[in-house]
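Work through the following exercises with the sequence and the model open beside you, and try each task before reading its solution.

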Amino acid sequence: MSDFNVEELLLQLTTKEKAKLLSLKDFWHTADIPRLSIPSLRFSDGPNGVRVTAGTGLGATFNTELLTRAGELMSLEAKHKGVHVILGPTCNIQRGPLGGRGFESFSEDPLLSGLASAAIINGIQATEGMSATIKHFVGNDLEDERNFVNSIITERALREIYLLPFQLAVKYSNPACFMTAYNKVNGVHVSQSKRLLQEIVRDEWEWDGLLMSDWFGVYSLKESLDASLDLECPGEAIMRKPEPMKHAISNREVNLNVIDERVRHVLELIKRGVSTGIPENAPEDDLNNTPETSAKLLEVAREAVVLLKNEGNILPLSKKETVAVIGPSGKIGRINGGGSASLNAYYNVSIFDGVSKKLEKEPPFALGCSIDENLYDFGKFVTHENGAKKGAYYKIYKEPADAANRTLVEEFALDSTKYWLFDYKNPAFPDDLFYMDIEGEFTPEVSGEYNIHVSCVGTTLFYLDDEMVIDDKTNQKLAPPKLGSSSVGDTKAFYFDASKSYKFKILFGSGPTFTCPTDEIFAHGGGSLEVTIDKKDTDENRIKEAVELASTVDKVILCTGTSADYESEGFDRKHMDLPGAQDELIEAVLAVNPNVIIVNQSGTPVTMPWADKVKGIVQGWFNGCESGNAIADVLYNDYNPSGKLSLTFPKRVEDNPAFLTFKSNNGECIYGEDVFVGYRFYEKTKTEPLFAFGYGLSYTDFKIENLSVELKGEDVVVSVDVTNTGSFAGQEVVQFYVAPPKTTTIVERPLKELKGFKKVAIEAGATVKVTVEVPIKYSCSYYDSERQRWAIEAGDYTAIVGNSSDSADLLTAPISIDKTSYWTGI
Ligand code: BGC
């Protein structure tokens, strides 16, 4: 790929070629114009392979330098996957705990969200030419009816809460791309909102990058082009098809200047992609799966972990104590939520694995109860080549299994039988029609009855020892849609003997063989497959076993949480409770052993009715490939916890600000809590949360004192002395909030708002001076929706500094503003 001059190319492109550039050519690639040597760029979520901690965990690090390093790591991984444009970070806002995609975004607080986004974007874009995409702009804060829900948001809340993270990202990082949200905001779909895209992002913020749609998120031709949406994703286009485009351009329904401006942005992005040096259609490799990568992932994952309770110093654990690992998240690494943010990571360390590495021998384990609705990925438990190699063996053919002659196109081993193939493209299958034979052996760890489930988009026959035992081909039925369609499939029980090995074979026909009619507008591509397994048992039995085990050890590490089945793109959480019988399990274990440490892995808050009774609580998030190692390091004090909650954990779901309005009601969702999102609401309504925003413990103690606040030029400069008064080295987060003038009457304002923060490492006994500088305009403004400007109201503000939003010893100092002033822009 070689460099080019955008303006010269614009002169040479035909209208048809320009039209072609305004949508992707397939799921992940920009259109190429070989005649003019314009190459194609690759986009990717993730990117794949390296699985960094999910959004809320990244937010909980409160460490922007670390997040920049995480961004650099994403960029390195992108290079290994031949990717030029990363489709992240996600920086929507958790209005409440039930967002299906809440785990992907950083925080309920717009400042933390904006600074975290900027830090990651700076890391990604530190690699020359690599592009980040901030998403989903804007108001995609719930999944319910996401393509047409109208997020009804006051101008002030829109500015102060929902736009602010994007605005800060533009100010502090300049992302190459924005991705528009699926939903409407105040009546207009964002992907065609001139007000949001052209007037705010481009004109007011003076941002000049590329605006792309979310996947299948363009709903108009003219409006989206006029609104300044550059790129329709994915391809082949639905709205920007060649014929309608030609028609709209030739009759000047869309102005030529508009087309040129859109194409200019696409060409500029391609030019930028070229400068990465990553070749077009580059092969993907796994070479970034190195100890250095693991070390970086571990660093991020450890800083995300939040110690919420440590009564009687039950933590850290000593290696001399006997422990049991119990719980449905003990042996399964909960590394990410579901949907496009999930991916096949290189590896996945569970808490059990992490704890085992700390001890001379593996600790005893009990499942306690099962939460995995969809059973477990069968591919994780199987082998091929007679037990010699992990995973199943795949062969992809052009013809079905019963054809006389078959053409083998691809073969590989994979430790999964649960995935989407919507975007699987191979020139050998221009119509996405192919057939996969998946084979291997299953050798159970324990004898007993197991459920095996098969469902797909396509057709599937499942064989055990050459006998066809599950048929998801004849009489397929359509399941209610989740993220996309699937067959209902079938679940059957089989007895397996642990002394034996069973041969299995899966014959899969790709998407086009699917026999259920669906009303999805897009093609299913290669389809999807899900073959899962679980040992048949009752939770009653599992709890009994867990209780027996718990009574034999000094301390119990009880691993609770949700999973990608409960927190996912495509739907919101039904409730905030721990799924399944986990609360019951905790109570039962507590009855026989008071030394229980709950390690909870979820992307968003869960109800903890037992919080008063357990001695230790650790929030482990969906914490990437190194999840289990990070948590074990915290449990055994190989890392002193330093994470702080990036969102409030309420006591009850009913307490949360969006409780009444977290749903699409006939296509409308009123953001009724207005600017009072998260702690802004809990504080104003004096609703005591279970754990407050910004809260998190350490094994050492810190004292924050000597607050000084001064106005220097355009900035508020806040400094404090932080002393580590305990006996371990540790990190503390200094949090700077501002309270509005008491005399303020113009608008109802939160009691205080986060305006800055800094994480510092301090040796035991040492004192460090910490300074936080924040522009006055970002410290004191509210958005005046009448004047359509930010307003810095004259009055006496209060600077508030502490290590949590609800710290008992918050320090305060006045900030005085003598003249009211207004501003726009960034
Ligand atoms: C998601 C985006 C994602 C895109 C491509 C959509 O369903 O909303 O966040 O980048 O798919 O996978």
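The exercises below concern a predicted model, and they go from domains to cavities, then to helix packing and to the backbone.

**Exercise 1. State into which domains the chain is divided, and find how far apart the centres of domain 1 and domain 3 are.**

Solution. Begin with the division of the chain, which gives domain 1 (40-234), domain 2 (307-370 + 538-642), domain 3 (372-536) and domain 4 (702-823). Note that domain 2 is written as two stretches, 307-370 and 538-642. Then take the centres over C-alpha atoms, and a separation of 34 Å is found between domain 1 and domain 3.

**Exercise 2. Describe the largest cavity by its volume and its lining, and explain why it lies between two domains.**

Solution. The structure has 5 cavities of 30 Å³ or more, and the largest of them holds about 330 Å³ of space. Its lining is made by 24 residues, and those nearest the centre of the cavity are G46, R51, M74, P89 and T90. Sorted by class, the lining of this largest cavity comprises 13 nonpolar, 7 polar and 4 charged residues. For the last step, ask which domains supply the lining: because domain 1 (40-234) and domain 2 (307-370 + 538-642) both contribute residues to it, the largest cavity lies between them.

**Exercise 3. Work out which residues, secondary-structure elements and domains line the second largest cavity.**

Solution. The second largest cavity has a volume of about 150 Å³, and 14 residues line it, with E160, L164, K755, Y778 and W790 nearest its centre. Moving from residues to elements, at least two lining residues come from each of α5 (110-124), α6 (155-172), β32 (753-762) and α17 (776-780). At the level of domains, domain 1 (40-234) and domain 4 (702-823) each provide at least three residues of this lining. The classes in the lining of the second largest cavity are 8 nonpolar, 1 polar and 5 charged.

**Exercise 4. Classify the packing of three helix pairs, α12 with α15, α13 with α14 and α6 with α7, by angle and by handedness.**

Solution. Take first α12 (residues 351-358) and α15 (residues 627-635), whose axes are 7 Å apart and which pack at an angle of about 50°. This angle makes α12 oblique to α15, and the crossing in which α12 passes α15 is right-handed.

Next, α13 (residues 539-550) and α14 (residues 582-592) pack at about 30°, with 9 Å between their axes. Since angles under 35 degrees count as roughly parallel, α13 and α14 are therefore roughly parallel to each other, and their crossing is right-handed.

Finally, the axes of α6 and α7 (residues 194-204) cross at roughly 60° and come within 15 Å. That angle makes α6 oblique to α7, and the crossing of α6 and α7 is right-handed. Helix α6 was met in Exercise 3 as one of the elements that supply at least two residues to the lining of the second largest cavity.

**Exercise 5. Locate two cis peptide bonds and a residue other than glycine with positive phi, and place each in its element or loop.**

Solution. A cis peptide bond is found between K135 and H136, where omega is about -10°, and H136 belongs to strand β3 (residues 131-137). Another cis peptide bond runs from C233 to P234, with omega near -10°, and P234 is placed in the loop between α8 (222-226) and α9 (242-250). For the positive phi, turn to N281, a residue other than glycine with phi near 50°; N281 is in the loop that lies between α10 (256-274) and α11 (291-304).

Notes: Residues numbered from 1 in each chain as written. Predicted model: local features only at pLDDT ≥ 70, side-chain atom pairs only at ≥ 80, totals over all residues. Heavy atoms only, no water. 1 Å grid on protein atoms, 1.4 Å probe; cavity = no way out; pocket = protein on both sides within 12 Å on 5 of 7 lines; lining within 4 Å. Points joined across faces, edges and corners; volume = space filled by probe spheres on them. Nonpolar A, V, L, I, M, F, W, Y, C, P; charged D, E, K, R; others polar. Domains from an automatic or database assignment. Helix = DSSP H or I, 4+ residues; strand = E, 2+ residues; numbered from the N terminus. Axes fitted to C-alpha atoms, helices over the stretch in contact; angles between N-to-C directions. Parallel < 35°, antiparallel > 145°, perpendicular 65-115°, else oblique. Left-handed = near helix turned anticlockwise from the far one by under 90°.
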